[in-house]
Amino acid sequence: MARRSAVRLMLVVAAVALAIVAAGAPAASASGSLLGLNNDCGQATQPFAQFGDLRSYTFGANGGLESGAAGWTLSGGGVVSGNESFFVHSSSDRNSLSLGTGGTALTPKLCMGTTSTVTRFFVRSSNGGQVRVQVVLKNVLGQVLGILQVSDLSAGASWQPGPPILNLDSLLGLLGVSSIQLKFTTLSGSVQVDDIYVDPWASRN
């Protein structure tokens, strides 16, 4: 009898949790997908389709630095001329981010779903530079709740897309995380970064 009660309690808790998530994400995501939108995150496109990634991404706020460093926090780097060579966002884009050794850059807040969120960007280095990529989790007050070290990337001489960065911890949105940001730290050499994209609902290929 006690075992049956425990099972029933677990089922009720699971149902409530699913209801909360469903109310905040999937319904909006589904309707948004039909319109080519991801909720209020902006127009969805497939900028990495030519690289075999068919996820639907939205462009990060000032993700191509075409508005200078507005919204970014930079140290040891700045905005330079020279867009990523594929021009996936716009053929008229002209800028990218450049970071020297030890330089850091924090993106503006990225649109985040209440389920897994994927981010991706372009990177290059003329001198074999290496860059560390982290995900910064913040609450509604802008306080840092955690920093996830994702990967250390060795950049090639030509522009290439970085790997998709999966942020499973966006599930913690129910527990206080309200936004995410990417943090880039150059470990060696110098690197350029451009065109930050986010798939708030981690759409499948």
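**Exercise 1. Backbone outliers**

Is Asp 195 buried or exposed, and what is its relative accessible area? Determine also where Asp 195 and Leu 65 lie and what is notable about the phi angle of each.

*Solution.* The model is a predicted one.

Step 1. Asp 195 has a relative accessible area of 0%. Because buried means under 20% relative accessible area, Asp 195 is classed as buried.

Step 2. Asp 195 is placed in strand S10. Its phi is positive, at about 50 degrees, although the residue is not a glycine.

Step 3. Most residues other than glycine have a negative phi. Leu 65 likewise has a positive phi, near 60 degrees, and is not a glycine. Leu 65 is found in the loop between S1 and strand S2 (73-81), and at 0% relative accessibility it counts as buried.

**Exercise 2. The nonpolar cores**

Identify the residues that touch the most other members of the largest nonpolar core, and state which strands supply at least two residues each.

*Solution.*

Step 1. The largest nonpolar core has 23 residues, and Phe 121, Leu 182, Phe 184 and Ile 196 touch the most other members.

Step 2. At least two residues of this core come from each of strand S3 (95-106), strand S4 (117-124), strand S5 (130-138), strand S9 (179-188) and strand S10 (191-199). The contribution of S5, four residues, is the most.

Step 3. Take Leu 182 as an example. With neighbours within four places in sequence set aside, Leu 182 has contacts that include Ala 105, Leu 106, Leu 110, Phe 121, Val 133, Val 135 and Ile 196. Thr 107, Thr 119 and Gln 134 are also among the residues in contact with Leu 182.

Step 4. Another core, of seven residues, lies apart from the largest one; Val 118, Phe 122, Tyr 197 and Ala 202 are among its members.

**Exercise 3. Salt bridges**

How many salt bridges does a search of the whole structure find? Establish which residues are linked in a network, and describe the burial of the partners.

*Solution.*

Step 1. The search finds three salt bridges.

Step 2. Asp 53 and Arg 55 form a salt bridge, with their closest N and O atoms 3.3 Å apart. Asp 53 and Arg 55 are both buried.

Step 3. Asp 53 also meets the side chain of Arg 120 in a salt bridge, at 2.8 Å from N to O. This pair links distant parts of the chain, 67 residues apart: Arg 120 belongs to strand S4, whereas Asp 53 belongs to the loop between helix H2 (26-34) and strand S1 (58-59). Arg 120 is buried, as is Asp 53.

Step 4. Asp 53, Arg 55 and Arg 120 are accordingly linked in a network of salt bridges.

Step 5. The salt bridge between Arg 132 and Asp 152 has its closest N and O atoms 2.8 Å apart. It also links distant parts of the chain, with Arg 132 in strand S5 and Asp 152 in strand S6 (residues 144-154), 20 residues apart. Arg 132 is partly exposed, at a relative accessible area of 26%, and Asp 152 is partly exposed at 32%.

**Exercise 4. Aromatic residues**

Which residues form one aromatic cluster, and over the face of which ring does Arg 120 lie?

*Solution.*

Step 1. Nine aromatic pairs are present in the structure.

Step 2. One aromatic cluster is formed by Phe 48, Phe 51, Tyr 57, Phe 59, Phe 86, Phe 122 and Tyr 197.

Step 3. Arg 120 lies over the face of Phe 48, at 5.0 Å from the ring centre. Arg 120 is also a member of the salt-bridge network with Asp 53 and Arg 55.

**Exercise 5. Strand pairing around S3**

Describe how S3 pairs with S2, S9 and S10, and name a residue pair for each case.

*Solution.*

Step 1. S2 and S3 pair in the antiparallel sense over eight bridges. Leu 74 has Ala 105 in S3 as its bridge partner.

Step 2. S3 and S9 run antiparallel and are joined by three bridges. Here Ala 105 stands opposite Phe 184 in S9.

Step 3. S3 and S10 also run antiparallel, joined by three bridges. Leu 99 stands opposite Val 191 in S10.

Step 4. Thr 186, which lies in strand S9, is buried, with a relative accessible area of 2%. Beyond residues up to four places away in sequence, Thr 186 touches residues including Leu 99, Gly 100, Thr 101, Gln 130, Val 131 and Val 191.

Conventions:
Residues are numbered from 1 along each chain as its sequence is written. This is a predicted model: local features need pLDDT of at least 70, side-chain atom pairs count only at pLDDT 80 or more; totals for chains, interfaces and linings use all residues. Side-chain values use heavy atoms; hydrogens and water are left out. A nonpolar core is a set of buried Ala, Val, Leu, Ile, Met, Phe, Trp, Tyr and Cys residues joined through side-chain atoms within 4.5 Å. Buried means under 20% relative accessible area, exposed over 50%, partly exposed in between (1.4 Å probe, protein chains only). Contact means heavy atoms within 4.5 Å. A salt bridge is a side-chain nitrogen of Lys or Arg within 4 Å of a carboxyl oxygen of Asp or Glu. Rings of Phe, Tyr and Trp (its six-membered ring) pair if their centres lie within 6.5 Å; planes under 30 degrees apart count as stacked, over 60 as edge-to-face and the rest as tilted. A charge sits over a ring if NZ of Lys or CZ of Arg is within 6 Å of the ring centre and within 35 degrees of the ring normal. Two strands pair if DSSP finds at least two bridges between them.
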